[in-house]
Each structure stands twice: as structure tokens, then as C-alpha cells.
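Subject: Handover of the structure

Dear colleague,

Here is the structure that I am passing on to you, with the sequence alongside. Please have both open while you read the notes underneath.

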Amino acid sequence: MQGSTARFSMLHDGRLDRLGIALSGLCAVHCVMSVILMTLVASVGGALLHPAIHEVGLVLAIILGAAALGMGIIRHGYMLPAAIGGLGLGVMAGAASIPHGDMETVWTLTGVALLALGHDLNRRAAA
């Protein structure tokens, strides 16, 4: 039993949350840079706004978020980080369903910020 606890601890010593925060930051940079590039160079910006990029990114965020935030509930027992992170994932998914533009960017960045906050709270609760 002690061996499985050690493995679980190694899996959730904050690494997944730090990775989630880093990916949230990369997503935010991608969103802002896509809008900037769209205004500067339509062909490059169009490639960055390809739906596959957003779909793959959202799937990765859901997988990583579920793993890190779910393990956090098991480890420290607090639901708030997972609830905030889950809200962020929902906002991101909703943003993916609306046409590209200013409102999609605002909603995506709101979701990313909520997800990153959930990961940060999860990391702090586990410390």
C-alpha cells in the first residue's frame, strides 16, 4: 500500500498543475498572437486559427485538467480548484462553438484564466 501512495505522490507533486498552468499561458499567447497576426498577415493568421488547432488544444486541456484536478480532489479533498478549472474548460468549449472574432477571443481567454486559476489553487492546496 505504501508503494502505491509513493507513486501517487510522485504523479501529483504539482507537476501536472504546473504543466496545466504553462499550457494555459501558451493558449493565451496563441489567442492574442492569432488576433494580432490576423490583422497583420491574413494568411499566417488564418493558419493559426485553423479549427484543428483549437480542437486538439481543447482536448489536451480537458485530459490534463481532468487528470490534475481530479487527482487533486483525491489528494487534498478540496472541490473548489476542480470546480473553477471545470468552469474554465466549459467556457473554453463554449468559445470553440462560436465564430472566430473578438468575442471568441474574450471567452477563450476567460476560460483559460479560470482553468489556470483552478490549477494554481490545486497546486497550492496540495502543498
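The notes below go from the overall fold to two of the helices, then to the largest pocket, the cysteines and two long-range pairs.

Please keep in mind throughout that this is a predicted model, so that every value in this message has been computed from predicted coordinates.

The chain holds 6 helices and 0 strands, and reading along the sequence gives the pattern α-α-α-α-α-α. Of its 127 residues, 31% count as buried. Among the contacts with a sequence separation of 6 or more, 72% are made by residues that stand 24 or more positions apart.

Two of the helices deserve a closer look. Helix α4 has 26 residues and spans 37 Å from its first C-alpha to its last, which is close to the 38 Å expected at 1.5 Å a residue. Its buried residues are Leu58, Ala61, Leu64, Gly65, Ala68, Leu69, Met71, Gly72 and His76. An α-helix has 3.6 residues a turn, so residues three or four places apart point the same way. After α4 comes Gly77, which has a positive phi, near 85°.

Helix α5, with 17 residues, reaches 24 Å between its first and last C-alpha, close to the 24 Å expected at 1.5 Å a residue. The residues buried in α5 are Pro81, Ala82, Ile84, Gly85, Gly88, Leu89, Val91, Met92 and Ala95, and the buried residues of this helix pack against α4 and α6.

The largest pocket has a volume of about 410 Å³. It is lined by 22 residues, of which Cys27, Gly57, Leu58, Ala61 and Met92 are the closest to its centre. Helices α2 (15-40), α4 (51-76), α5 (80-96) and α6 (102-126) each contribute at least two residues to the lining, and the largest share, 8 residues, comes from α4. By residue type, the lining of the largest pocket divides into 13 nonpolar, 8 polar and 1 charged. Of the residues closest to the centre of the pocket, Leu58 and Ala61 also appear among the buried residues of α4, while Met92 is one of the buried residues of α5.

As you may want to know about the cysteines, how many disulfides does the model contain? The count comes to 0. Because a disulfide needs the two sulfur atoms within 2.5 Å, the sulfur of Cys27, which lies 4.2 Å from its closest cysteine sulfur, in Cys31, is too far away for a bond. Seen from the other side, the closest cysteine sulfur to that of Cys31 is the one in Cys27, again at 4.2 Å. The two residues also fall into separate exposure classes, since Cys27 is partly exposed with a relative accessible area of 22%, whereas Cys31 counts as buried at 8%.

Finally, two pairs of residues link distant parts of the sequence. Leu26, in helix α2, is 86 residues away from Val112 in sequence, yet the two are 9.6 Å apart in space from C-alpha to C-alpha. Ser34, also in helix α2, and Thr105 are separated by 71 residues in sequence and by 9.4 Å in space, again from C-alpha to C-alpha. Leu26 is exposed, with a relative accessible area of 55%, whereas Ser34 is buried, with a relative accessible area of 1%.

With best wishes

Technical notes: Residues are numbered from 1 along each chain as its sequence is written. This is a predicted model: local features need pLDDT of at least 70, side-chain atom pairs count only at pLDDT 80 or more; totals for chains, interfaces and linings use all residues. Side-chain values use heavy atoms; hydrogens and water are left out. On a 1 Å grid over the protein atoms alone, a cavity is a set of points where a 1.4 Å probe fits but cannot get out, and a pocket is an open set with protein on both sides within 12 Å along at least five of seven lines; lining residues have an atom within 4 Å of a point. Grid points are joined across faces, edges and corners, and a volume is the space filled by probe spheres set on the points. Helices (H or I, at least four residues) and strands (E, at least two) are DSSP runs, numbered from the N terminus. Ala, Val, Leu, Ile, Met, Phe, Trp, Tyr, Cys and Pro count as nonpolar, Asp, Glu, Lys and Arg as charged, and the others, Gly among them, as polar. Buried means under 20% relative accessible area, exposed over 50%, partly exposed in between (1.4 Å probe, protein chains only). The expected span of a helix is 1.5 Å times one less than its number of residues. Contact means heavy atoms within 4.5 Å.
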